[in-house]
Amino acid sequence: MSTENDDNCTDEHAYWMYGLFFFGYISLIGEGDKFLAAQNLRRSHIRVILALRQRPGTTVKELCSYLSVSQQAISRTLKQLIVEEYIRQEERVSDRRNRHLFLSKKGEEACTGVMKAQKKRLIKTYKTIGLENADATAKMLFGLMGEEESEKFQKLWGTKTHYVSQENE
């Protein structure tokens, strides 16, 4: 498919790509859902846990920004994670108005459990499509991000890339 002509991306191709992303996402996330269900957690919980893994000490306001949710929308999830000791909150002496959130050992174990389940799916896929295509897919996902999402991603993960071809060098 030449990138020179917009006609190469037909409506049907765009619909098809959406379907591929949607069902691929469902399959990948579904692996983690099995682990989460056993812990009495849902996807909203792992999104919080993953963000805190990447940015320990994040405030509730920052977390809402990263996840594009309101404080009202995330409050029930945070309460459960705190009560069940997946995360802990601290107040800083310099600013007691903000709660800084951190993963507990239990939260780290939950994050690792979900990622292990999803990693199995990724490894199986990489064996099927080849590492060069895995890297091309990652590059495409970077390209799909809007400026705001790209900034959020970089705040959470930084600018270091983790292409499988780099990881295996």
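The paragraphs below lead through a predicted model of a single chain, from its overall make-up to its sheet and then to a few individual residues.

Taken as a whole, the chain is built from 8 helices and 3 strands, and, read from the N terminus on, these elements follow one another in the order α-α-β-α-α-β-β-α-α-α-α. Two helices therefore precede the strand β1, two more separate β1 from the following strands, and four come after β3, as the order of elements and the numbering from the N terminus together show. The C-alpha trace spans about 55 × 35 × 30 Å along its principal axes. Of the 169 residues in the chain, 28% count as buried, and the surface that the chain exposes amounts to about 12,000 Å², with carbon and sulfur atoms supplying 53% of that area. Among the contacts in the chain that have a separation of 6 or more, 58% are accounted for by residues 24 or more positions apart. As for charge, the chain carries 26 positive and 23 negative side chains, and the centres of these two sets lie 10 Å apart.

The sheet is a good place to begin a closer reading. It is an open sheet of 3 strands, arranged in the order β1-β3-β2 and paired in the antiparallel sense. Its edge strands are β1, covering residues 58-59, and β2, covering residues 87-92, each of which pairs on one side only. The strand β3, made up of residues 95-103, pairs with β1 in the antiparallel sense over 2 bridges, and one residue of β1 can be followed across this pairing, since the bridge partner of T59 in β3 is H100. On the other side of the pairing scheme, β2 and β3 also run antiparallel and are joined by 6 bridges; here R88 has F102 of β3 as its bridge partner. The connection from β2 to β3 is a hairpin that passes through 2 residues.

A helix is set against these strands as well. Helix α4, which comprises residues 71-83, lies across β2 and β3 and runs at about 100 degrees to β2. The loop between α4 and β2 contains E85, whose phi is near 65 degrees, a positive value in a residue other than glycine. Is E85 buried or exposed? With a relative accessibility of 56%, E85 counts as exposed, because the cut-off for that class is over 50%.

A second residue with a positive phi is found earlier in the chain, in the loop between α1 (11-38) and α2 (43-54), where N40 is placed. Phi of N40 is near 65 degrees, again in a residue other than glycine, and N40 is likewise exposed, its relative accessible area being 55%.

Helix α5, which takes in residues 105-129, allows two residues of one element to be set side by side, for it includes K116 and also Q118. Which of the classes buried, partly exposed and exposed does each of them fall into? K116 counts as exposed because its relative accessibility of 56% is over 50%, whereas Q118 counts as buried because its relative accessibility of 10% is under 20%. What does Q118 touch, once residues up to four places away in sequence are not counted? Its contacts are with L28, I29, E31 and G32, and these residue numbers fall within the stretch 11-38 given for α1. For K116, a distance along the chain can be added: its C-alpha atom and that of A134, which is 18 residues apart from K116 along the chain, are separated by 18 Å.

Further on, helix α6, made up of residues 131-144, holds A136. With a relative accessible area of 41%, A136 is partly exposed, because this value lies between the limits of 20% and 50%. The C-alpha atoms of A136 and K155, which are 19 residues apart along the chain, are separated by 22 Å.

Key:
Residues numbered from 1 in each chain as written. Predicted model: local features only at pLDDT ≥ 70, side-chain atom pairs only at ≥ 80, totals over all residues. Heavy atoms only, no water. Pairing = 2+ DSSP bridges. Contact = heavy atoms within 4.5 Å. Axes fitted to C-alpha atoms, helices over the stretch in contact; angles between N-to-C directions. Buried < 20%, exposed > 50% of the residue type's maximum accessible area, 1.4 Å probe, protein only. Areas by Shrake-Rupley, 256 points an atom, 1.4 Å probe, with all protein chains shown as cover. Lys, Arg positive; Asp, Glu negative; His and termini not counted. Charge placed at Lys NZ, Arg CZ, Asp CG, Glu CD.
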